[in-house]
2 protein chains.
Amino acid sequence: MAPQLDGYFKQVDKLSESFIERLRKAVAIPSISADDERRPDVVKMSEFLVSELTALGAYVESRPLGLQPGKNNLQLPPVIVARYGASPDKRTILLYGHYDVQPALKDDGWATEPFTLTVDDKGRMYGRGSTDDKGPVLGWLNAIQAHKEAGVELPVNMLMCFEGMEEYGSEGLDDFIEKEAKPGGFFEKADAVCISDNYWLGTEKPCLTYGLRGCNYYSVSISGPGQDLHSGIFGGCAHEPMTDLVRVLGKLVDTDGKIQIPGINEMVAPVTAEEKSLYGDISYAMDNLYESLGSKTAIFPDEEKTLMARWRYPSLSVHGVEGAFSAPGAKTVIPARVSGKFSIRTVPDMESEKVDSHVFKYVQDEFTKLRSKNTIDVRLIHAGNWWVASPKHWNYTAAGRAVKKVFGVKPDLTREGGSIPVTLTFEKATGKNVLLLPMGSSTDAAHSINEKLDRRNYIEGTKLLGAYLHYVAEEEMKA
Amino acid sequence: MAPQLDGYFKQVDKLSESFIERLRKAVAIPSISADDERRPDVVKMSEFLVSELTALGAYVESRPLGLQPGKNNLQLPPVIVARYGASPDKRTILLYGHYDVQPALKDDGWATEPFTLTVDDKGRMYGRGSTDDKGPVLGWLNAIQAHKEAGVELPVNMLMCFEGMEEYGSEGLDDFIEKEAKPGGFFEKADAVCISDNYWLGTEKPCLTYGLRGCNYYSVSISGPGQDLHSGIFGGCAHEPMTDLVRVLGKLVDTDGKIQIPGINEMVAPVTAEEKSLYGDISYAMDNLYESLGSKTAIFPDEEKTLMARWRYPSLSVHGVEGAFSAPGAKTVIPARVSGKFSIRTVPDMESEKVDSHVFKYVQDEFTKLRSKNTIDVRLIHAGNWWVASPKHWNYTAAGRAVKKVFGVKPDLTREGGSIPVTLTFEKATGKNVLLLPMGSSTDAAHSINEKLDRRNYIEGTKLLGAYLHYVAEEEMKA
């Protein structure tokens, strides 16, 4: 039986101005987690959510996370957990979002005041946090309100987890999720997880995201002299760490992005026919890439190869060098110790520790070939795993039907090249399927100046989140 | 006829405490040319020299250089020119030094107040400018005073040129020297030039310096994307400028310092038997190199190869990268535009423009091989020529005899790996031989914390400068 959603949709339309008002209030609170001085505003934003959720009739708790590590007596903002509905006959869906935002100053180049929601005549709603991630978080609240006011029963139990440190590494959250997912914990009963904190591939067609790449980040440090040297005095008499470093970094990857480290590409899972079939429908053009690159310096000429390179193949980027001369102008220094930074984006079925050992061996071998008297130290700075879910799971097929219902199209099935670490945390802690269901579009400029959320994405997105809760309630369990 | 110097030497010994007092007064004036706020102190130091030289009976002029380019109405410190003796029967020797100093703060790590001359029980006289270059400048004044008070006639006419911007690029000096070297100018009558502004190779044996390397400094910029990219989103789909840059920089020089650019090494003048013979006597041990390196990462195992590599062969150093990630920690950026900085130390008979064209061609060729869609721009940032004088010129043989007379040893005949641009300026402007006759030793820490000049170097150095004026007066013109 197809869900009856007309009443709900009408109510969302009716309430749309008040939903925008709700977003306006949220954007006005500069809840910047990276700025210690703004911590009271982050807390204020958590209180706003508690008050709104309470008014909607949800059960809400504000959970402290203790002191922020490395800071002098600074409390972390709380995690807001909430429950709406607790019927044992209904599925329980765990929803995640974050209420903190990136820093923003008008002087950074914003056309409008970043903490004043400003709607233009095309319905673009500018403001820090509009799309990342206050709009999606409020989408869930809007969905509850519209159901209540339309008198439509929600067919699932909702569990909510809204954090306030996402833009600063989700300090303290992993332990919290693991604890609450255990028997007796707040998230114990979750049957599936839905995260709305990423973006459509373009501007017209919604997507469901079922994979993320991981990232192993390395430093390779080469040192020799006891202190920086003058190249006039020592140039030609001593082994120079920077000479060795550029030679080693030059061996890691070729111009076309092919990783030169033996053993890495060999671990990549082959493309199956089924996986390949997903790429045909995706709404993406090379011009989208050129626009976001700001140039035509693409490696591949076609969309499929480009998206596969971004989503399902590893890549290696050299990010920079620490310890060398990096200012404008000229300085005749021989740096005594230089550290090259590079990272590998990982994909199924690469094992993180095996990647490390291949990298360490190769870098060491290439350095040994140089026969330098300098010394080398290569190490992992941090690692985050890749993640991939089955897009055939009922959590996904339900979301796909909801998209079709609200937008009239089948969603793109996408992966992302970057990482959203909390995805893996939820999957590991709950053992349940995790769905990434974005609200915003590719042009929203999260983390940048002039961040915005389109009115259509917010209002139709609210409909989508509510519709998803209906489809996911009745979707047959198969995958 | 050997010069009669005993009376002069005795007078120097007798006046030694007052000479140290003169240095103490000079060091107490913080004449830091790089610090706009200290400009009045630089001027004060020029006035100190005018007053001292006038009291000694010299003809002195304080010559303005106008406003400092790029500054808001800031006068350059004057050049102090002076003449002592104007007999048409005598040779005229032009002497150069500088009265400005490097910045210094006690907090930088000085053991004593940097602008208070502090003499320890081993005769080490600590203070900013003690060795660079106030001690040598005052050495000439001391020499005049000791001659006057001993009643010994100076057998040459002295011309002096003391500048106040050496530590900040000798702003305005080149034009001044060129003008004054022309007919009717203050330096017109100079027969030879002597500069005391460098250092002995070690601590025991004086040296005469007859060569300097030049320096051609390059940037190679590679750009592609319109703005910095996130490696999660774009890693694997776009040509990365940093990947191209490390591959190009890795092709410039090998671990043992051999420049890989065709045409460069081919321009180097071969070592003659005569030149080679100069190296045998030089007082230098590999331990001196290890100590100054702070490590044993030397390319060559022996002294001769090491000194030749520093003095008479070219070298190439990679200094760093502008535009890439250079801070501690990890950042997953793909920089949009990166500029590698490298320089080549040049030697006879390398022609600067030919070096440039070999570099441009090679860098462009290596980049073309990469088949990258990024764009490259390689350019010269600045060039300064190498310089070499004949150590057989009478200016040098006279100085060699003076060293033998004062120190009882034949001086090391050295070159330097770095550059002292004013040397070339004097040579070109006057067309005369230029001698570098240092006073300080290798351990003096010019430009560093705890700069010092040993009492022995200052007092015996004053004797040496005076003795040189006698020997140079009567040396036969041959080379």
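The exercises below work through a predicted model, each with a solution that goes step by step.

**Exercise 1. Determine the order of the three strands in the open sheet of chain B that contains E4, E5 and E18, and find which helices lie on this sheet.**

Step 1. The three strands form an open sheet in the order E4-E5-E18 of chain B, and their pairing is antiparallel. The edges are taken by strand E4 (118-119) and strand E18 (452-454) of chain B, each of which pairs on one side only.

Step 2. Strand E5 (residues 124-126) of chain B is joined to E18(B) by three bridges, and these two strands run antiparallel. Within this pairing, B:Tyr126 stands opposite B:Lys452 of E18(B).

Step 3. Helix H3 (residues 130-150) of chain B lies across E5 and E18 of chain B, at about 50° to E18(B). Helix H13 (residues 455-474) of chain B also packs on the sheet, where it touches E5 and E18 of chain B, and its direction makes about 60° with that of E18(B).

**Exercise 2. Decide whether B:Thr462 is buried or exposed, and identify a side chain with which its own side chain makes a polar contact.**

Step 1. B:Thr462 is found in helix H13 of chain B.

Step 2. The relative accessibility of B:Thr462 is 0%, and because buried means under 20%, this residue counts as buried.

Step 3. A polar contact of 3.4 Å links the side chain of B:Thr462 to the side chain of B:Asn142. When neighbours within four places in sequence are left aside, the residues in contact with B:Thr462 include B:Tyr8, B:Phe19, B:Asn142 and B:Met439.

**Exercise 3. Describe the surroundings of B:Arg415, starting from its accessibility and ending with its contacts.**

Step 1. B:Arg415 lies in strand E16 (residues 412-416) of chain B, and with a relative accessible area of 7% this arginine is buried.

Step 2. The side chains of B:Arg415 and B:Glu275 are joined by a polar contact of 3.3 Å.

Step 3. With neighbours within four places in sequence left aside, B:Arg415 is in contact with several residues, among them B:Tyr210, B:Glu275, B:Trp311, B:Pro348 and B:Val388.

**Exercise 4. Explain why strand E2 of chain A can be called largely enclosed, and trace its pairing on to E1 and E6.**

Step 1. Five of the six residues of strand E2 (residues 79-84) of chain A are buried, so this strand is largely enclosed by the rest of the structure.

Step 2. Strand E1 (residues 59-63) of chain A pairs with E2(A) in the antiparallel sense over five bridges, and A:Ser62 has A:Ile80 as its bridge partner in E2(A).

Step 3. E2(A) also pairs with strand E6 (residues 157-163) of chain A, in the antiparallel sense and over five bridges. Here the bridge partner of A:Ile80 is A:Phe162 in E6(A).

**Exercise 5. Examine the salt bridge between A:Arg63 and A:Glu180, and then look at a salt bridge of B:Arg124.**

Step 1. The structure holds 60 salt bridges over all chains. In one of them, the side chains of A:Arg63 and A:Glu180 meet at 2.7 Å, N to O.

Step 2. A:Arg63 lies in strand E1 of chain A and A:Glu180 in helix H4 (residues 173-181) of chain A, so the pair ties together parts that are 117 residues apart in sequence. Both A:Arg63 and A:Glu180 are buried.

Step 3. In chain B, the side chains of B:Arg124 and B:Asp120 meet in a salt bridge of 2.8 Å, N to O. B:Arg124 is partly exposed, at a relative accessible area of 28%, and B:Asp120 counts as partly exposed at 23%.

Step 4. Returning to chain A, salt bridges that share partners join A:Glu61, A:Arg63, A:Lys179 and A:Glu180 into one network.

**Exercise 6. Characterise the interface of chain A and chain B by its buried area and by its polar contacts.**

Step 1. The contact takes 76 residues from chain A and 76 residues from chain B. Between them the two chains bury about 5,700 Å², with 53% of this area on carbon and sulfur atoms.

Step 2. Across the interface there are 45 residue pairs in polar contact, counted with both residues at pLDDT 80 or more, whereas the count of salt bridges between chain A and chain B is zero.

Step 3. On the side of chain A that touches chain B, the largest share, eight residues, comes from strand E11 (residues 315-322) of chain A.

Conventions: Residues are numbered from 1 along each chain as its sequence is written. Chains are lettered from A and ligands numbered from 1 in the order in which they are written. This is a predicted model: local features need pLDDT of at least 70, side-chain atom pairs count only at pLDDT 80 or more; totals for chains, interfaces and linings use all residues. Side-chain values use heavy atoms; hydrogens and water are left out. Two strands pair if DSSP finds at least two bridges between them. Helices (H or I, at least four residues) and strands (E, at least two) are DSSP runs, numbered from the N terminus. Contact means heavy atoms within 4.5 Å. Axes are lines fitted to C-alpha atoms, for helices over the stretch in contact, and angles run from 0 to 180 degrees between N-to-C directions. Buried means under 20% relative accessible area, exposed over 50%, partly exposed in between (1.4 Å probe, protein chains only). A polar contact is a pair of N or O atoms within 3.5 Å; within protein, one must be able to donate a hydrogen and the other to accept it, and residues adjacent in sequence count only if both atoms are side-chain atoms. Buried area is the accessible area (1.4 Å probe) that two parts lose on being put together, summed over both. A salt bridge is a side-chain nitrogen of Lys or Arg within 4 Å of a carboxyl oxygen of Asp or Glu.
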